[in-house]
Amino acid sequence: MPGWVVNVVIDACSIINLSNADALDVTRQLTRCRLWVCPGVLVECRAELVARLFALNAEGAIGFITNEEMPAARVLELLDQHGLGAGETESIAACEALGYGFCSDDGPARRLAGRLLGSPRVTGSLRLLQWCVEEELVQCEAAFSLFGVMLARGGFLPSMPQDFFCSRKPGC
């Protein structure tokens, strides 16, 4: 396991996919990254999920990006130029401003973030689950099962073999 912690802003698409599979509790335990949420993302989530995110924040498990940390002019510029949702746009702008990584399962948001932030700073919920396996927070078969639940509950995710979760050894 790396000896560093990466700050990762997670958008509504990934939060909803993880929540649909009851996987927020396992991903919040990752030691390699700290998850952050922008205000626009909260608006895109249902009330029960927002309450859960506030509880995770109160526990210190996730952080909230404040409006003051996001460059408003850049958010408006990105909204105008790219037409993404407010949550994805705020998240990308926050990553630019703060030097954080970006987690999204939304294809257009990932492509834009890859161009603006560089692809190494862009990930998705499946990579978070893979990291959970590497950190021995969950068995690989369970991670693959969570992926299946995400798909069954409407997640638009790439086809992924079980080996994606199971082939890497802890600490790799």
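Where is Glu136 found? Glu136 sits in the loop between helix 8 and helix 9 (140–152), and helix 8 is a good thread to follow through this predicted model. Helix 8 supplies the largest share of the lining of the largest pocket, and helix 8 also gives the most to the largest nonpolar core. Here's a quick tour, starting with the sheet.

**The sheet**
- What order do the strands take in the open sheet? There are 5 strands, they run 3-2-1-4-5, and the pairing is parallel.
- Strand 3 (62–64) and strand 5 are at the edges with a single partner strand each, so one side of each has no neighbour in the sheet.
- Strand 1 pairs with strand 2 (residues 33–37) in the parallel sense, over 4 bridges; here Val6 has Cys33 of strand 2 as its bridge partner.
- On its pairing with strand 4, strand 1 makes 3 bridges, again in the parallel sense, and Val9 stands opposite Phe102 of strand 4.
- Strand 4 then pairs with strand 5 over 2 bridges, parallel once more, with Cys103 and Thr123 of strand 5 as bridge partners.
- As background, strands of a sheet pair through backbone hydrogen bonds, in either a parallel or an antiparallel way.

**The nonpolar core**
- The largest nonpolar core counts 59 residues, and Leu53, Leu126, Leu128, Leu129 and Phe165 have the most contacts inside it.
- Helix 8 puts 6 residues into this core, the most of any contributor.
- Which residues does Leu53 touch, leaving aside its neighbours within four places in sequence? Leu53 is in contact with Ile15, Leu42, Cys45, Ile62 and Phe64.

**The largest pocket**
- This pocket has a volume of about 400 Å³.
- Its lining is made of 24 residues, with Arg110, Val122, Thr123, Gly124 and Arg127 lying nearest the centre.
- Thr123 turns up here as well as in the sheet, where Thr123 is the bridge partner of Cys103.
- Which elements each supply at least two residues of the lining? They are strand 1 (6–10), strand 4 (101–103), strand 5 (122–123) and helix 8 (125–134).
- Helix 8 provides 4 residues, the largest share of that lining.
- By type, the lining splits into 14 nonpolar, 6 polar and 4 charged residues.

**The cavity**
- How many cavities of 30 Å³ or more are there? The count comes to 1, and the largest cavity holds about 60 Å³ of space.
- Helix 2 (24–27), strand 2 and helix 4 (47–58) are the elements that give two or more residues to its lining.
- The lining takes in Ile10, Ile15, Leu24, Thr27, Arg28, Leu35, Val37, Leu53, Leu56 and Ile62.
- Leu53 shows up again in that lining, having already appeared among the residues with the most contacts inside the largest nonpolar core.
- Ile15 and Ile62 also line the largest cavity, and both are contacts of Leu53.
- By type, this lining has 8 nonpolar residues, 1 polar and 1 charged.

**Back to Glu136**
- Is Glu136 buried or exposed? Glu136 has a relative accessible area of 61%, which means that Glu136 is exposed, as the cut-off for that is over 50%.
- Glu136 and Leu79 are 57 residues apart in sequence, and their C-alpha atoms are 39 Å apart in space.

Conventions. Residues are numbered from 1 along each chain as its sequence is written. This is a predicted model: local features need pLDDT of at least 70, side-chain atom pairs count only at pLDDT 80 or more; totals for chains, interfaces and linings use all residues. Side-chain values use heavy atoms; hydrogens and water are left out. On a 1 Å grid over the protein atoms alone, a cavity is a set of points where a 1.4 Å probe fits but cannot get out, and a pocket is an open set with protein on both sides within 12 Å along at least five of seven lines; lining residues have an atom within 4 Å of a point. Grid points are joined across faces, edges and corners, and a volume is the space filled by probe spheres set on the points. Ala, Val, Leu, Ile, Met, Phe, Trp, Tyr, Cys and Pro count as nonpolar, Asp, Glu, Lys and Arg as charged, and the others, Gly among them, as polar. Two strands pair if DSSP finds at least two bridges between them. Buried means under 20% relative accessible area, exposed over 50%, partly exposed in between (1.4 Å probe, protein chains only). A nonpolar core is a set of buried Ala, Val, Leu, Ile, Met, Phe, Trp, Tyr and Cys residues joined through side-chain atoms within 4.5 Å. Contact means heavy atoms within 4.5 Å.
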